[in-house]
Amino acid sequence: MGKVIVEMSISLDGFIARPDGSTDEVHAWYNQGDVEVKMPNNALTFKVDPVSAEIVRASFQLGANVTGRRTFDDAEAWGGEDPMGIPSFIVTHDVPAEWAGKDSPFIFVTDGVASAVAQAKAAAGDKPVGVAGADIARQCLQLGLLDEIQLHLAPVLLGEGIRLFDQLEKTPIELEQIRVVQAPHVTHLFFRVVK
Amino acid sequence: MSKVISEISMSLDGFITGPNVGVGNGLGDGGERLHDWRFDAKTAADAAIEAEIITSTGAVVLGKGMFDVGFEPWGDPPPFRMPVFVVTHEARPPLPMQGGTTYNFVTGGIEAALELARAAAGDKNVGIWGGADIIRQYLKAGLLDEMQIHLVPILLGGGVRLFEDFDAAGIQLRRKNSVETPSATHLHFEVVRK
């Protein structure tokens, strides 16, 4: 079965977004290179350095995504389809009327993160499951469901914003470094969660 | 030209100590884990990083809070073996220790401490070795040339954050290098002058 991965860009002071949800600074590296990388199912094209291009392409090799409601709303439902064109599970307390219905491109899970992850793993087969949003990632970590953390560390300080690692309980949580990759405008950090 | 470089070990979730820091518990609960790379888990690569810091630094600046909790565990001779300048509100005469460390207490603020440290360091660098508040003050004042963060693969959940209540406006960083060992990722940043 596939591993569960959270992959996010982050500032040196630990923020994945500004208080208003904007991510220009932490995501700047996605457009500071010359190599074009397209998202599988979405109009978005990135231009990154060659080293980051490998990493970005690898990050698209997921079998399913689990996304929190906040991220879903901030992304405005990605225009109606998961950017990677894979099964997309949205964790929410209430199903947004706009996207409800049998033919919805999204699967809304209202009975919690563990349920969403289980469904996503089943849908993903052998491939990894991606987890998006700080809150969902944190819940997965606390439930022992998270296998890997991949951070794209931008050399910026935001001062305030949405923290990825906040209010953690059951600490300390040991990690194991898998690898570190230096790229011109970002440092890629890969960790395994020690269980 | 000598540089002003901050050094600190930090958990992946941004803490430089564990919770409940105090005299007798200088690194907080479980905080000594952040320094494993210098002791139990030290590899040759970690040793090289540490050696480079020691040999290139001629004087150290610390905050009073860090001095208060560190004084006893550092012992005599303290590990610095060079002049240390403590930024404090309380005037105190210098305290010479064995092995080349003298603790100097500077009441004139961070600039005064830096001036004295620069004079003492000569050609070598000045190290701003903590705590978090002092490092932030030097960074905010535009007095840091570089920051070295020893990032430890652990989530501590609480303690003193390196970056908190910090107005980051106008501060730009550029990664100079990163060295990965099994025990830590040593991140070295330049503070970019605009």
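Trainee: Which residues of helix α2 (residues 64-74) in chain B are buried?

Mentor: Begin with the terms: a residue is called buried under 20% relative accessible area, exposed over 50% and partly exposed in between, with a 1.4 Å probe and protein chains only. Helices (H or I, at least four residues) and strands (E, at least two) are DSSP runs, numbered from the N terminus. In α2 of chain B, the buried residues are B:Lys64, B:Phe67, B:Val69 and B:Gly70. As a general guide, an α-helix has 3.6 residues a turn, so residues three or four places apart point the same way.

Trainee: On what basis are such statements made?

Mentor: This is a predicted model, in which local features need pLDDT of at least 70 and side-chain atom pairs count only at pLDDT 80 or more, whereas totals for chains, interfaces and linings use all residues. Residues are numbered from 1 along each chain as its sequence is written, chains are lettered from A and ligands numbered from 1 in the order in which they are written, and side-chain values use heavy atoms, leaving out hydrogens and water.

Trainee: Against which elements do the buried residues of α2(B) pack?

Mentor: A contact requires heavy atoms within 4.5 Å. The buried residues of α2(B) pack against three strands of chain B, namely β2 (57-63), β3 (83-87) and β5 (102-106).

Trainee: What backbone features follow α2 of chain B?

Mentor: B:Gly75, just after the helix, has a positive phi of about 70°. The peptide bond from B:Asp76 to B:Pro77 is cis, with omega near 10°, and B:Pro77 belongs to the loop between α2 and β3. That loop between α2 and β3 also holds B:Arg81, a residue other than glycine whose phi is positive, near 55°.

Trainee: Where in chain A does A:Trp78 lie, and what is its phi?

Mentor: A:Trp78 is in the loop between α2 (69-74) and β6 (88-91) of chain A. Its phi is near 50°, a positive value in a residue other than glycine.

Trainee: Which residues does the cis peptide bond with omega of about -5° join?

Mentor: That bond joins B:Gly130 and B:Gly131. B:Gly131 is in the loop between β6 (125-128) and α4 of chain B. Helix α4 spans residues 132-140 and includes B:Asp133. B:Asp133 counts as partly exposed because its relative accessibility is 43%. Between the C-alpha atoms of B:Asp133 and B:Gly159, which are 26 residues apart along the chain, the separation is 13 Å.

Trainee: How many helices and strands does chain B have, and in what order do they run?

Mentor: Chain B contains four helices and ten strands. From the N terminus on, the order is β-α-β-α-β-β-β-α-β-α-β-β-β-β. Chain A has four helices and twelve strands.

Trainee: What does the radius of gyration say about each chain?

Mentor: The radius is taken over C-alpha atoms, and the globule rule is 2.2 Å times the number of residues to the power 0.38. For the 195 residues of chain A the rule gives 16 Å and the radius of gyration is 16 Å, so chain A is as compact as a globular protein of that length. For the 194 residues of chain B, a compact globule would be near 16 Å, and the value of 16 Å agrees. Along the principal axes, the C-alpha trace spans about 40 × 40 × 35 Å in chain B and about 45 × 40 × 35 Å in chain A.

Trainee: What share of each chain is buried?

Mentor: Buried residues form 53% of the 194 residues in chain B and 52% of the 195 residues in chain A. Of the contacts with a separation of 6 or more, residues 24 or more positions apart account for 65% in chain B and for 62% in chain A.

Trainee: How is the contact between the two chains to be read?

Mentor: The size of an interface is often given as the accessible area lost when the parts come together. Here the buried area is that loss, with a 1.4 Å probe, summed over both parts. Between chain B and chain A it is about 2,500 Å², and carbon and sulfur atoms give 58% of it. B:Leu12, B:Leu155 and B:Arg175 supply 26% of the area that chain B buries against chain A, more than any other three residues. The contact takes 28 residues from chain B and 29 residues from chain A.

Definitions and conventions: Buried area = accessible area lost by both parts, 1.4 Å probe.
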